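Please open the structure in the viewer and follow the stops below in order.

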Amino acid sequence: MLAFIVTALFCLLVTNVYALFGHGVRSRAMDLMLLYPLLGGVLGHTPRFGLFASPGRFRRLGASLFASGLAALTVGAMLRGILEIAGTASAYTAGFTAVGWVLTGTGALFSPFFHRSSPKPSPEGHPGGVS
């Protein structure tokens with residue numbers, strides 16, 4: 001979760017430095033790009049709202065896909081913001097957004113459905129716990 005907070009702070013820094021050197025011109029996409037790692041990463045990993053609270057093979061896969069999706073959304077927002085400030089556009093921003101949401105959604109789906117609970121230990125001398 002700390003990595004997502006640091007990433008959000010870095011996004012805030014990049015946005016303000018870019019606006020400073022861009023003669024005060026700002027972009028809504030760039031101003032809001034810190035929300036992807038902040039809300040998605042922090043809320044996605046908190047115990048109350050968390051998608052990935054307990055460990056497991058599929059939980060790690062889901063968390064990796066989720067984080068990759070948030071990264072794609074954040075980079076796409078940064079690219080869109082830079083292009084808006086420059087006064088141009090690109091089809092790549094739609095690709096970042098689509099891939100980002102697909103990865104984030106896939107990662108979120110992996111979290112609650114593919115968690116296998118560990119089998120309960122059986123009493124000694126009784127295979128399978130049957131007495």
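A salt bridge is a side-chain nitrogen of Lys or Arg within 4 Å of a carboxyl oxygen of Asp or Glu. With that criterion in hand, note that the model on display is a predicted one.

**First stop: the salt bridge.** The structure holds 1 such interaction. Select Arg26 and Asp31: these residues form the salt bridge, and their closest N and O atoms are 3.0 Å apart. Are the two partners buried or exposed? Arg26 is partly exposed, its relative accessible area being 43%. Asp31 is likewise classed as partly exposed, at 28% relative accessibility.

**Next stop: the aromatic pair.** A search of the whole structure yields 1 aromatic pair. Select Tyr36 and Trp101, whose ring centres lie 6.2 Å apart; the planes meet at 75°, so the pair is edge-to-face, given that angles over 60 degrees fall in that class. Now display the helices that carry these rings. Tyr36 belongs to helix H3 (residues 35-45) and Trp101 to helix H5 (residues 92-113), so the pair ties together parts that are 65 residues apart in sequence. Colouring by accessibility places Tyr36 among the partly exposed residues, at 24%.

**Last stop: the nonpolar core.** Which residues make up the largest nonpolar core? Select Cys11, Val14, Met30, Met33, Leu34 and Ala77, the 6 residues that compose it. Then centre the view on Cys11. Apart from neighbours within four places in sequence, Cys11 is in contact with Met33, Leu34, Pro37 and Thr74. Of these contacts, Met33 and Leu34 are also members of the core.

How values were computed: Residues numbered from 1 in each chain as written. Predicted model: local features only at pLDDT ≥ 70, side-chain atom pairs only at ≥ 80, totals over all residues. Heavy atoms only, no water. Phe/Tyr/Trp six-rings, centres within 6.5 Å; stacked < 30°, edge-to-face > 60°. Helix = DSSP H or I, 4+ residues; strand = E, 2+ residues; numbered from the N terminus. Buried < 20%, exposed > 50% of the residue type's maximum accessible area, 1.4 Å probe, protein only. Core = buried A, V, L, I, M, F, W, Y, C linked by side-chain atoms within 4.5 Å. Contact = heavy atoms within 4.5 Å.
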